[in-house]
Amino acid sequence: SQSCPDGAKRRVCYYYDRSIAGVDYGEDHVMVPRHVDMAHALIRSYGLLGDMARLRTRPATDAEISGFHDARYVRLLRDLTPEGFGAGGEVARRARGCNVGAVSTDGRSVDNPPVAGLWDYCQRYAGGSLAAARALASGEADVAINWSGGMHHACLDKASGFCYVNDIVLAIDELLGHFRRVLYVHIDVHHGDGVETAFRRFRRSNRVMTVSFHQRTEGFFPERRGLLEHVGEGAGRLRAVNVAIKKGMDDDGYCRLFEPIMSEVMAVFQPEAIVMQCGADSLSGDRLGHQNLSIAGHARCVRFMRSFNMPLLLLGGGGYTVNHVAACWCYETTVAIGKEIGDDIPTHSYDGYYRRQGYKLFYPVDKKI
Ligand code: V1S
Ligand code: ZN
């Protein structure tokens with residue numbers, strides 16, 4: 001454990017599974033799970049592994065994943081192989097019904113391809129988020145991290161936005177077994193629709209509040225989601241908060257929204273645990289997002305949530321400029337631990353990726369937007 005600037009100690013648990021790094025969405029695809037391996041290599045090179053307990057866990061079981069997902073969809077994910085899909089027939093038909101490998105007419109890569117080892121991949125990233133939630137629930141950790149989790153678009157019975165299994169819903173459900181109210185905070189550039197829908201439409205829960213900060217511009221994925229007026233219904237009414245942002249928000253603009261809104265949410269909802277999705281596609285220079293957040297600005301949101309000093313689960317998610325993603329999640333790991341590190345990236349296996357940013361962790365914000 002470490003002593004932090006606020007004087008409080010934080011015990012941090014960290015999940016990392018190297019087999020996730022080998023998952024391949026396809027040559028042209030923007031989702032590259034190797035970014036988690038890059039973040040891990042950076043974390044190790046800065047000597048941060050000694051400041052955290054490593055979570056060693058088993059992959060999530062069918063039963064755990066079926067705690068949220070529809071049994072037929074779970075069977076499909078288990079049955080699906082690229083060969084079975086390629087051969088057409090029954091599995092391919094079932095897959096298309098679940099938005100996996102939905103054929104693109106222009107021959108370009110699809111959002112949710114039938115990747116090799118798909119079920120193993122899902123079980124591992126979901127297993128990490130569940131283990132992290134259990135570490136918080138048992139009191140073993142104050143902060144738990146799974147940078148391979150945060151796959152927030154996955155729906156009850158279909159894949160969406162590169163996400164097949166919604167590890168966030170599974171982790172929140174696990175936390176609800178131990179805490180009365182759980183807050184979900186989302187800073188990925190894409191609206192946190194899968195988590196919002198799970199707790200608003202399917203669970204109708206008033207014990208979970210979802211707060212999503214996301215880009216809301218014409219044609220931006222997912223369309224028609226995350227409007228300010230979407231506040232939840234029935235028992236879940238006023239449990240969804242949606243903060244739609246325009247293109248090009250910088251650190252000051254973003255934090256001027258984030259901090260007062262989250263202060264108010266904390267005061268009104270009074271959660272007992274927090275789950276934060278730290279999608280790094282809200283960073284400046286992302287291949288999909290159009291925001292101007294620096295790593296320091298993104299991490300300021302994490303630091304702000306950590307300052308409430310309650311069980312905190314940090315998850316990854318989107319992020320499509322791999323060197324930015326890895327640098328961001330490495331720095332946010334130091335925020336969790338409460339340790340200062342230098343800007344000079346130590347020599348390590350991926351250091352060539354940081355050459356263009358002068359081997360500095362804090363790459364400069366290029367305000368093109
Ligand atoms: N924006 C965007 C985007 N880019 C792609 C994409 C690009 C290259 C590929 F080879 C394959 C896909 N898809 C999208 C979005 C989905 C974004 C998902 C973000 C996920 C997350 O960061 O929030 C969490 C991990 N999809 C679309 O815009 C849908 C299409 C409408 C356009 C793209 N084509 C391929 C499918 C249909
Ligand atoms: Zn995203």
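The following exercises, with worked solutions, concern a predicted model of a single chain and its ligand.

**Exercise 1. Overall dimensions**

Determine how the radius of gyration of the chain compares with the globule rule for 369 residues.

*Solution.*
1. The secondary structure of the chain consists of eleven helices and ten strands.
2. The globule rule gives 21 Å for 369 residues, and the radius of gyration is 19 Å. The two values are close, so the chain is as compact as a globular protein of that length.
3. Along the principal axes, the C-alpha atoms occupy a box of roughly 60 × 50 × 40 Å.
4. Buried residues account for 54% of the 369 residues.
5. Of the contacts between residues at least 6 apart in sequence, 76% join residues at least 24 apart.

**Exercise 2. Helix α9**

Check the span of helix α9, residues 251–269, and establish where its buried residues lie around the axis.

*Solution.*
1. At 1.5 Å a residue, the 19 residues of α9 should span 27 Å. The end C-alpha atoms are 26 Å apart, which agrees.
2. The buried residues of α9 include D251, Y254, F258 and M262.
3. Viewed down the axis of α9, the buried residues fall within an arc of 65°, so they line one face of the helix.
4. The general rule is that an α-helix has 3.6 residues a turn, so residues three or four places apart point the same way.
5. On the face of α9 turned away from the buried side are the exposed residues D252, R256, P260, S263, E264, A267 and V268.
6. The packing partners of the buried residues of α9 are β6 (182–186), β7 (208–215) and α10 (295–306).
7. After α9 comes Q270, with a positive phi near 50°.

**Exercise 3. Helix α1**

Repeat the span check for helix α1, residues 34–45, and identify what its buried residues pack against.

*Solution.*
1. Twelve residues at 1.5 Å a residue should span 16 Å, and the end C-alpha atoms of α1 are 16 Å apart, which agrees.
2. Buried in α1 are H35, V36, D37, M38, A39, H40, L42 and I43.
3. These buried residues pack against α11 (322–337).
4. G47 follows α1 and has a positive phi near 75°.

**Exercise 4. The loop between β7 and β8**

Describe L228, L238 and P222, which are placed in the loop between β7 and β8.

*Solution.*
1. L228 has 10 other C-beta atoms within 10 Å; the limit for an exposed residue is 12 or fewer, so L228 is exposed.
2. Beyond its neighbours within four places in sequence, L228 is in contact with N242 and A244.
3. L228 and A240 are twelve residues apart in sequence, and their C-alpha atoms are 9.1 Å apart.
4. L238 has 12 C-beta neighbours inside 10 Å and therefore also counts as exposed. Although L238 is not a glycine, its phi is positive, about 65°.
5. P222 is joined to F221 by a cis peptide bond, with omega about -15°.

**Exercise 5. R204**

Classify R204 as buried, partly exposed or exposed, and give its phi.

*Solution.*
1. R204 is located in the loop between α8 (193–202) and β7.
2. With 14 other C-beta atoms within 10 Å, R204 is partly exposed.
3. R204 is not a glycine, yet its phi is positive, about 45°.

**Exercise 6. The surroundings of ligand 1**

State which residues come nearest to ligand 1 and give the composition of its shell by class.

*Solution.*
1. There are 22 residues around ligand 1, of which S109, G161, H190, F221 and G318 come nearest.
2. The shell comprises seven nonpolar, ten polar and five charged residues.
3. F221, one of the nearest residues, is also a partner in the cis peptide bond with P222.

How values were computed: Residues are numbered from 1 along each chain as its sequence is written. Chains are lettered from A and ligands numbered from 1 in the order in which they are written. This is a predicted model: local features need pLDDT of at least 70, side-chain atom pairs count only at pLDDT 80 or more; totals for chains, interfaces and linings use all residues. Helices (H or I, at least four residues) and strands (E, at least two) are DSSP runs, numbered from the N terminus. The expected span of a helix is 1.5 Å times one less than its number of residues. A residue is buried if 20 or more other C-beta atoms lie within 10 Å of its own, exposed if 12 or fewer, and partly exposed in between; C-beta atoms are placed from the backbone. Two residues are in contact if their C-beta atoms, placed from the backbone, lie within 7 Å. A residue is near a molecule or strand if its C-beta atom, placed from the backbone, lies within 6 Å of it. Ala, Val, Leu, Ile, Met, Phe, Trp, Tyr, Cys and Pro count as nonpolar, Asp, Glu, Lys and Arg as charged, and the others, Gly among them, as polar. The radius of gyration is taken over C-alpha atoms; the globule rule is 2.2 Å times the number of residues to the power 0.38. The arc is that of the directions from the helix axis to the C-beta atoms.
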